[in-house]
Amino acid sequence: MGVKRLDPSLLWEEYVRGKQTYLQLATKYNCSKRTIQRKIDLHTLILKPKTARSVIVLMDTTYWVRNFGVMLFKDATTKENLLKYYVRNETNFLYRKGVEELKSMGYTIMAIVSDGRKGLAQSFGSIPVQMCQFHQVAIIRRYITKNPKLPASIELKEFVAMMKMTDRESFEGGLDLWFTKWESFLNERTKNPETGKSYFTHKRLRSAYRSLKTNKKWLFTWYDYIDLNIPNTTNAIDGHFADLKNKLRNHNGLSIERKKKFIDAFLKV
């Protein structure tokens with residue numbers, strides 16, 4: 001095939017779907033890497049219009065480098081990506097903006113599943129919000145580590161691991177029982193001999209418990225609205241991000257604009 005006859009659209013498919021690099025395509029078609037790059041740049045993305053409907057929105061953000069990330073809004077039922085923003089920072093303002101934009105596009109938002117960003121769950125008025133249980137488990141792990149040594153921390157880790165297999169009443173009752181058992185331990189204080197001031201001895205364990213107590217209102221929204229079939233995690237969107245990043249690893253060194261074009265094609269939004 002002559003260089004002039006190289007089809008930008010076919011090259012693009014090989015590049016994105018077939019995981020072929022510029023160099024591999026150049027070798028295959030016996031031309032320079034720059035020629036392949038120029039041809040691929042000529043390809044124009046055509047994104048299909050979205051159909052407004054009732055949706056359950058999964059939303060999360062991922063980053064490649066500092067100050068370059070993608071905030072994605074995805075339909076939990078059909079797995080279709082509905083909207084995305086290229087972002088420098090993940091903010092509650094942008095999540096609210098995305099929800100309002102989806103509404104303006106004609107979508108009826110039945111529920112939202114999000115991570116545990118402070119203040120986010122309260123941001124959407126009467127729309128039911130499910131906090132991702134996986135993110136909550138990760139928050140607890142950051143406070144008490146993956147392999148805690150204190151008996152109270154070990155019990156809390158084991159208790160939180162059961163979250164995905166239980167309901168609201170059982171979880172909240174179990175959390176109350178854990179607190180009652182360990183309340184005195186949580187309230188232990190250590191005195192600084194130099195200043196004479198005291199501080200809580202088990203600050204990180206207290207923070208872990210406080211996180212659960214604060215977020216429990218949103219950890220079982222799926223259970224409160226059982227008929228909506230709300231997912232209890234954002235795993236579907238997280239897995240999508242992981243797949244995208246794996247494919248982009250085959251194309252290291254892309255400019256930001258070329259990286260955006262690749263992401264646009266992959267996410268189809």
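A residue is called partly exposed when its relative accessible area lies between the buried class, under 20%, and the exposed class, over 50%. This term is applied below to two loop residues of the structure, which is a predicted model.

The protein contains eleven helices and seven strands. Its radius of gyration is 24 Å, well over the 18 Å that the globule rule gives for 269 residues, so the protein is more spread out than a compact globule. Along the principal axes, the C-alpha atoms fill a box of roughly 80 × 50 × 30 Å. Of the 269 residues, 43% are buried. Among contacts with a separation of 6 or more, 62% are made by residues 24 or more positions apart.

The surface of the protein was also examined. About 15,100 Å² is exposed, and carbon and sulfur atoms supply 53% of this area. The protein carries 48 positive and 26 negative charges, and the mean positions of the two sets are 8 Å apart.

Two residues other than glycine have a backbone phi angle with a positive value: Asn-67, near 75 degrees, and Lys-79, near 70 degrees. Asn-67 is placed in the loop between β1 (54-65) and β2 (68-75). Because its relative accessible area is 29%, Asn-67 counts as partly exposed. Lys-79 is found in the loop between β2 and β3 (81-87). With a relative accessibility of 45%, Lys-79 is likewise partly exposed.

Notes
Residues numbered from 1 in each chain as written. Predicted model: local features only at pLDDT ≥ 70, side-chain atom pairs only at ≥ 80, totals over all residues. Heavy atoms only, no water. Helix = DSSP H or I, 4+ residues; strand = E, 2+ residues; numbered from the N terminus. Buried < 20%, exposed > 50% of the residue type's maximum accessible area, 1.4 Å probe, protein only. Rg over C-alpha atoms; globule rule 2.2 N^0.38 Å. Contact = heavy atoms within 4.5 Å. Areas by Shrake-Rupley, 256 points an atom, 1.4 Å probe, with all protein chains shown as cover. Lys, Arg positive; Asp, Glu negative; His and termini not counted. Charge placed at Lys NZ, Arg CZ, Asp CG, Glu CD.
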